[in-house]
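Visitor: I have a structure to look at, and I would like to know how its labels are earned. Could you take me through them?

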Amino acid sequence: MIAALHRPPHPKVTWAAPEQWMVKLRPLGTVSERLVPELADALEAELSGAGTALCAFGPATKRHWGQWLGLPVTGLDELAEVVFAATAGIVPVTHPQPFEAYLIIARGHVPKELAGEPIEGEWAARTIELVADRSAPGRPRFENLASFSLDT
């Protein structure tokens, strides 16, 4: 469904490739490698067996601060609260609160007219991953540092 969205060419917009599609529960920013084991332990302790989360996106694409085009995601609020609580003592919270989950599909200088395309979908989230973004311009690359099963 996401791949079928209209993606008109625009000189100041970069459309995300499928391998870049993720829903962030908490953006951590740049984190020292030495903190990764502590983050993984804290998340494992809080997320293990938390239960599958039923998620939905839509009802339409939305523009954020003129820099992103995304799909609003619901159904992850409780998990996001757990993730923030488990990690705030390790990596201070610097993003505006309350945090809203989105699946970002475009970056750059996103014009207003790109927003509002109808799309709705749902899925069951069974895992949460601690991911490092090692991307470079034109070369998306995410590295999975740890994975946590939500299945009970």
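Guide: Gladly; we will go from salt bridges to aromatic pairs, charge, and a few contacts along the chain.

Guide: This is a predicted model, where local features need pLDDT of at least 70, side-chain atom pairs count only at pLDDT 80 or more, and totals for chains, interfaces and linings use all residues. Residues are numbered from 1 along each chain as its sequence is written, and side-chain values use heavy atoms, with hydrogens and water left out.

Visitor: What makes the contact between Arg134 and Glu33 a salt bridge?

Guide: The term asks for a side-chain nitrogen of Lys or Arg within 4 Å of a carboxyl oxygen of Asp or Glu. In this pair the closest N and O atoms are 3.0 Å apart, so the definition is met.

Visitor: Which parts of the chain does that pair tie together?

Guide: Arg134 sits in the loop between β7 (127-133) and β8 (142-149), and Glu33 in the loop between β1 (13-15) and α1 (36-47), so parts 101 residues apart in sequence are tied together. The helices (H or I, at least four residues) and strands (E, at least two) are DSSP runs, numbered from the N terminus.

Visitor: How many salt bridges does the structure hold, and why is there talk of a network?

Guide: There are two. Arg134 also meets the side chain of Glu143, at 2.8 Å from N to O. Glu33, Arg134 and Glu143 are thus linked in a network of salt bridges.

Visitor: Why is Arg134 called partly exposed?

Guide: Buried means under 20% relative accessible area, exposed over 50%, and partly exposed in between (1.4 Å probe, protein chains only). Arg134 has 29%, so partly exposed is the label. Glu143, at 30%, is partly exposed as well.

Visitor: What makes Phe57 and Trp123 a tilted aromatic pair?

Guide: Rings of Phe, Tyr and Trp (its six-membered ring) pair if their centres lie within 6.5 Å; planes under 30 degrees apart count as stacked, over 60 as edge-to-face and the rest as tilted. By this rule there are two aromatic pairs. Phe57 and Trp123 are 6.0 Å apart, centre to centre, with 40° between the planes, and that makes the pair tilted. Phe57 belongs to strand β2 (residues 53-57) and Trp123 to strand β6 (residues 121-125), so the pair ties together parts 66 residues apart in sequence.

Visitor: Is Phe57 buried or exposed, and what about Trp123?

Guide: Phe57 has 9% relative accessibility, so it counts as buried. Trp123 has a relative accessible area of 29%, so it is partly exposed.

Visitor: Why is the pair of Trp65 and Trp68 called edge-to-face?

Guide: Their planes stand at 80°, and the centres are 5.7 Å apart, which gives an edge-to-face pair. Trp65 is exposed at 68% relative accessibility, while Trp68 is partly exposed at 29%.

Visitor: What makes Asp77, Glu78, Glu81 and Glu100 a patch of negative charge?

Guide: Patches are made of residues with over 30% relative accessible area and no salt bridge, with like charges joined within 9 Å. Asp and Glu count as negative, Lys and Arg as positive, and His and the chain ends are not counted. The place of a charge is NZ of Lys, CZ of Arg, CG of Asp or CD of Glu. Asp77, Glu78, Glu81 and Glu100 gather on the surface in such a patch. Asp77 is in helix α2 (residues 77-87) and is exposed, with 54% relative accessibility.

Visitor: Which peptide bond is cis?

Guide: The bond from Gly58 to Pro59 is cis, with omega near 15°. Pro59 is in the loop between β2 and β3 (62-64).

Visitor: How far apart in space are Met1 and Gly121?

Guide: From C-alpha to C-alpha they are 7.7 Å apart, although 120 residues apart in sequence. Met1 is in the segment before β1, and its relative accessible area of 61% makes Met1 exposed. The C-alpha atoms of Met1 and Ile119 are also separated by 7.7 Å, with these positions 118 residues apart along the chain. Ile119 lies in the loop between β5 (102-108) and β6 and is buried at 7%.

How values were computed. Patches are made of residues with over 30% relative accessible area and no salt bridge: like charges are joined within 9 Å, nonpolar side chains (Val, Leu, Ile, Met, Phe, Trp, Tyr) within 5 Å. Accessible areas come from the Shrake-Rupley method with a 1.4 Å probe; for residues, only the protein chains shown count as cover.
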